[in-house]
Amino acid sequence: MARAEMDTPVRRSTSAATAEIDGQLVALDINKGVCYGLNEVGTRIWGLIESPMSARAISAILVDEYDVDQTTAEEQTLDLILELLAAELAISA
């Protein structure tokens, strides 16, 4: 994984309408008419990128909060961040 991607701050886009249902986030991209669902950890990441934050900083928090090693946390966090960027639910800050 590229260091630049891990260290680039991202934040939520304002183009999605969101709701939390039973601890999971549902986001609707109004412009595209597409609905996305995030599990508990994805919802936690969504909460963290309310303010700009890098994948590396997010994964460090997740290691403290969940039973996950640093490498796995970094890989999975970056994967989700890249998906959110591609879906335009997050933007580089």
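## Close-up views of a predicted model

**View 1. N31 sits in a loop between two strands.** In this predicted model, the loop that joins strand 3 to strand 4 (34-38) is home to N31. Is N31 buried or exposed? Its relative accessibility is 67%, so N31 counts as exposed, the cut-off being over 50%. For a sense of scale, try the C-alpha atoms of N31 and V63: they lie 34 Å apart in space, with the two positions 32 residues apart in sequence numbering.

**View 2. The largest nonpolar core brings together 20 residues.** Among its members, I45, W46, I49, I58, I81, L84 and L89 have the most contacts inside the core. Two or more residues each come from strand 3 (24-29), helix 2 (40-48), helix 3 (55-65) and helix 4 (70-86). Which element gives the largest share? That is helix 4, with four residues. As helpful background, nonpolar side chains in soluble globular proteins tend to be buried together. Zooming in on L84, you will find W46, I49, L89 and A90 in contact with it, once neighbours within four places in sequence are set aside.

**View 3. Helix 2 packs against helix 3.** A pair of packed helices is described by the angle between their axes and the distance between the axes. Here the angle between helix 2 and helix 3 is about 130°, and their axes are 11 Å apart. The two helices are therefore oblique to each other, and their crossing is right-handed. Helix 2 contributes V41, R44, I45 and L48 to the contact, while helix 3 contributes I58, I61, L62 and E65. By character, these contact residues divide into six nonpolar, two charged and no polar.

**View 4. S59 is a buried residue of helix 3.** What is the relative accessible area of S59? The value is 0%, and S59 is buried because that falls under the 20% cut-off. Leaving out neighbours within four places in sequence, the contacts of S59 are M6, Q70, A73, E74 and T77.

**View 5. T8 lies in a loop and touches residues from elsewhere in the sequence.** This loop runs between helix 1 (3-7) and strand 1 (10-12). With a relative accessible area of 31%, T8 is partly exposed. Not counting residues up to four places away in sequence, T8 touches M53, S54, A55 and S92. Take a look at the pair T8 and S92: they are 84 residues apart in sequence, and their C-alpha atoms are 7.0 Å apart in space.

Notes:
Residues numbered from 1 in each chain as written. Predicted model: local features only at pLDDT ≥ 70, side-chain atom pairs only at ≥ 80, totals over all residues. Heavy atoms only, no water. Core = buried A, V, L, I, M, F, W, Y, C linked by side-chain atoms within 4.5 Å. Buried < 20%, exposed > 50% of the residue type's maximum accessible area, 1.4 Å probe, protein only. Contact = heavy atoms within 4.5 Å. Axes fitted to C-alpha atoms, helices over the stretch in contact; angles between N-to-C directions. Parallel < 35°, antiparallel > 145°, perpendicular 65-115°, else oblique. Left-handed = near helix turned anticlockwise from the far one by under 90°. Nonpolar A, V, L, I, M, F, W, Y, C, P; charged D, E, K, R; others polar.
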